[in-house]
Amino acid sequence: MNPQKKEIIQKTADFIEQKFKGEGTGHDWQHIYRVWKSAELIAKTEDCDSYIVSLGALLHDIADHKFYDGDLLEGSRQSKKWLEDAGADQETIDKVADIVKRVSYKGAGVKDEMPSIEGQIVQDADRLDAIGAIGIARAFAYGGSKHRLLYDAEETYEMHANFDAYHKSESSTIAHFYEKLLLLKDRMHTASAKKIAKERHHVMENFLEQFYAEWEGKR
Ligand code: ADP
Ligand code: NI
């Protein structure tokens, strides 16, 4: 990669690190850093433009619509503005802004379309960070921030991919596994993410089995 591109990636990383330091909503710099690094790894296994992948990963959570009154375009607007200031070319700006727009949108009834391979890689990396051991930790951290119960034995779980409901639901954190986390392994685009997701899915299944056993005082 040419030095100018490398510099724009580094500038973007510094900017996002500053912006997200200390953010406790699950969109902290540590999450973005992990997504960036695993997107880079996946990018090595695909025929793609790793410059776009890196910028997309770094900017993917820049303005989550949940915090902007549901304004779906805020993220792509902010990405565009940043990349212009950073001196990126127009084609890069457009491609990255499109990824940011699509990755953040999870409204009900809208198919998650991610046409570019670069966007698919960013989405895979973002989803990988929601599953496995780290995904479990993030779910309970999020649940705690919303004062949710760990688990509610009265709840019944049905696997459903209602991406609108899960943010609004007042259910326990364990419910979130069935609402979202256990569904993610089947939503990966790339072969390498599918492989990692399979392993991380097992980690969650084993965790749930142990959790229920301990809940019942059986182990
Ligand atoms: P992203 O866009 O990075 O997937 P989300 O805003 O969907 O982020 O979620 C951020 C983190 O918080 C993820 O790890 C997700 O699983 C977790 N999370 C979101 N909603 C819930 C919930 N209702 N209960 C527990 N964890 C949640
Ligand atoms: Ni994210």
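## A helical chain with a nickel site

Arg34, Asp129 and Arg138 are linked in a network of salt bridges. That network is a good place to start a tour of this structure, which is a predicted model.

**The overall picture**

Let us step back for a moment to the whole chain. The secondary structure comes to ten helices and zero strands, so that, by the way such elements are assigned here, every element listed from the N terminus on is an α. Of the 219 residues of the protein chain, 46% count as buried. Contacts across the sequence are well represented too: among contacts with a separation of 6 or more, 65% join residues that are 24 or more positions apart.

**Back to the salt bridges**

How many salt bridges does a search of the whole structure find? The search finds ten. One of them belongs to the network we began with: the side chains of aspartate 129 and arginine 34 meet with N and O 2.6 Å apart. This pair links distant parts of the chain, with the two residues 95 positions apart. Aspartate 129 sits in the loop between α6 (117-128) and α7 (132-145), while arginine 34 belongs to helix α2 (residues 29-44). Is aspartate 129 buried or exposed? Its relative accessibility is 5%, and because the cut-off for buried is under 20%, aspartate 129 counts as buried. Arginine 34, on the other hand, is partly exposed, with a relative accessible area of 24%.

Two further salt bridges lie within single helices. Lysine 37 and glutamate 40 both lie in helix α2, three residues apart, which is about one turn of the helix. Lysine 81 and aspartate 85 belong to helix α4 (residues 74-86), and because they are four residues apart there, about one helical turn separates them. The table sets out these three bridges with their N to O distances.

| Salt bridge | N to O distance |
|---|---|
| Aspartate 129 and arginine 34 | 2.6 Å |
| Lysine 37 and glutamate 40 | 3.3 Å |
| Lysine 81 and aspartate 85 | 3.0 Å |

The accessibility of these partners is worth a look. Lysine 37 is partly exposed at 30%, and glutamate 40 is partly exposed at 25%. In helix α4, lysine 81 is exposed, with a relative accessible area of 53%, and aspartate 85 counts as exposed at 55%.

**The nickel ion**

Next comes the metal. Which residues coordinate the nickel ion (ligand 2)? The donors are His31 (NE2), His60 (NE2), Asp61 (OD) and Asp126 (OD), at 2.1 to 2.2 Å. Along the chain, these donors follow the spacing H-x28-H-D-x64-D. Two of the coordinating residues can be described further: histidine 60 counts as buried, at 2% relative accessibility, and aspartate 61 counts as buried as well, at 8%.

**Two helices side by side**

Finally, have a look at how helix α1 (residues 3-20) meets helix α3 (residues 50-59). The two pack at an angle of about 10°, with their axes 10 Å apart. Because of that angle, α1 is roughly parallel to α3. On the α1 side, the contact is made by Lys5, Ile8, Ile9, Thr12, Ala13 and Ile16. On the α3 side, Tyr51, Ser54, Leu55, Leu58 and Leu59 take part. By class, this contact has eight nonpolar, two polar and one charged residues.

How values were computed. Residues numbered from 1 in each chain as written. Chains lettered and ligands numbered in written order. Predicted model: local features only at pLDDT ≥ 70, side-chain atom pairs only at ≥ 80, totals over all residues. Heavy atoms only, no water. Axes fitted to C-alpha atoms, helices over the stretch in contact; angles between N-to-C directions. Parallel < 35°, antiparallel > 145°, perpendicular 65-115°, else oblique. Contact = heavy atoms within 4.5 Å. Nonpolar A, V, L, I, M, F, W, Y, C, P; charged D, E, K, R; others polar. Donors = N, O, S within 2.8 Å, 3.2 Å for Na, K, Ca; no water. Buried < 20%, exposed > 50% of the residue type's maximum accessible area, 1.4 Å probe, protein only. Salt bridge = Lys/Arg side-chain N within 4 Å of Asp/Glu carboxyl O.
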